[in-house]
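Reader: Hey, I've got a structure to look at for class and no clue where to start. Can you walk me through it?
Author: Sure, let's take a look together.

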Amino acid sequence: MKTLATLLFVLFTTASYANTQAVEQINTTEGYPYKNVIFKAQRVELHYSELENGIECRVNVVGDEQQHSGDTQQVSHKKFQQSPMAACLTRTTAKQILAKL
């Protein structure tokens, strides 16, 4: 009976994790305007996928009942590793989003 309860517990907990997206916290040393966007927004999402020749990424910023998205960017692995926010969100777009937050 104890093993049945343990098995059911494992099945239910893994089923709930299967529907969630992977969330990774990234610390950034990038300055203005990226740091200000991060501090003012409720949530900043960096969506990326690895390709053979680089990274394809975009940034979504969620503010007070508003969602702002940058354009999809294709960047090198090195640039993405050094500064993911700046690589995936242009400075101009980051300033525009910051003004709306």
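Author: Start with the order of the elements: from the N terminus on, the protein runs α-α-β-β-β-β-α-α-α. Keep in mind that this is a predicted model.

Reader: How many helices and strands are there in the protein?
Author: The protein has five helices and four strands.

Reader: OK, and since it's predicted, what's the mean pLDDT of the protein?
Author: The mean is 79, and 72% of the residues reach 70 or more.

Reader: Which elements have the lowest and the highest mean pLDDT?
Author: Among the elements, helix 1 (residues 2–18) has the lowest mean, 45, and strand 4 (residues 73–75) has the highest, 94. Over residues 1–19 pLDDT stays under 50, and the model has zero contacts beyond four places in sequence for that stretch.

Reader: Good to know. New topic: how many disulfides does the count come to?
Author: One disulfide. Cys-57 and Cys-88 form it, with their sulfur atoms 2.0 Å apart.

Reader: Which parts of the chain does that pair tie together?
Author: Cys-57 lies in strand 2 (residues 54–62) and Cys-88 in helix 4 (residues 84–88), so the pair ties together parts that are 31 residues apart in sequence.

Reader: Are those two cysteines buried or exposed?
Author: Both Cys-57 and Cys-88 are buried.

Reader: And is the link left-handed or right-handed?
Author: The link of Cys-57 and Cys-88 is left-handed, with -100 degrees about the S-S bond.

Reader: Cool. What about aromatic rings, how many pairs does the count come to?
Author: One aromatic pair. The rings belong to Tyr-48 and Phe-80; their centres are 5.0 Å apart and their planes sit at 45 degrees, so the pair is tilted.

Reader: Hang on, why does 45 degrees make the pair tilted?
Author: Because planes under 30 degrees apart count as stacked and those over 60 as edge-to-face, with the rest called tilted. The 45 degrees of Tyr-48 and Phe-80 falls in that last group.

Reader: Got it. Where do Tyr-48 and Phe-80 lie in the chain?
Author: Tyr-48 is in strand 1 (residues 43–51) and Phe-80 is in helix 3 (residues 77–82). They are 32 residues apart, and the pair links distant parts of the chain.

Reader: Which relative accessible area does Phe-80 have, and what about Tyr-48?
Author: Phe-80 is buried, at 9%. Tyr-48 is partly exposed, with a relative accessible area of 37%.

Reader: Let's switch to His-68. Where does His-68 lie?
Author: His-68 is part of strand 3 (residues 67–69). With a relative accessible area of 11%, His-68 is buried.

Reader: Why does 11% count as buried for His-68?
Author: Because the cut-off for buried is under 20% relative accessible area, and His-68 has 11%.

Reader: What does His-68 touch?
Author: Leaving out residues up to four places away in sequence, His-68 touches Val-59, Asn-60, Val-61, Ile-97, Lys-100 and Leu-101. The side chain of His-68 also makes a polar contact with the side chain of Gln-66, at 3.2 Å.

Reader: Anything odd about the backbone?
Author: Have a look at Glu-65, in the loop between strand 2 and strand 3. Its phi is near 60 degrees, a positive value in a residue other than glycine. Glu-65 counts as exposed, at 86% relative accessibility. There's also a cis peptide bond joining Tyr-32 and Pro-33, with omega about 0 degrees.

Reader: Why point those out?
Author: Because most residues other than glycine have a negative phi, and most peptide bonds are trans.

Reader: Makes sense. Where does Pro-33 lie?
Author: In the loop between helix 1 and helix 2 (34–40).

Reader: Last one: what does Thr-90 touch?
Author: Thr-90 touches Tyr-34 and Gln-73, not counting residues up to four places away in sequence. The side chain of Thr-90 also makes a polar contact with the side chain of Thr-93, at 2.7 Å. You'll find Thr-90 in the loop between helix 4 and helix 5 (91–100), and Thr-90 is partly exposed, with a relative accessible area of 34%.

Note on methods:
Residues are numbered from 1 along each chain as its sequence is written. This is a predicted model: local features need pLDDT of at least 70, side-chain atom pairs count only at pLDDT 80 or more; totals for chains, interfaces and linings use all residues. Side-chain values use heavy atoms; hydrogens and water are left out. Helices (H or I, at least four residues) and strands (E, at least two) are DSSP runs, numbered from the N terminus. Buried means under 20% relative accessible area, exposed over 50%, partly exposed in between (1.4 Å probe, protein chains only). A polar contact is a pair of N or O atoms within 3.5 Å; within protein, one must be able to donate a hydrogen and the other to accept it, and residues adjacent in sequence count only if both atoms are side-chain atoms. Contact means heavy atoms within 4.5 Å. Rings of Phe, Tyr and Trp (its six-membered ring) pair if their centres lie within 6.5 Å; planes under 30 degrees apart count as stacked, over 60 as edge-to-face and the rest as tilted. pLDDT is the predictor's confidence in each residue, from 0 to 100. A disulfide is a pair of cysteine sulfur atoms within 2.5 Å.
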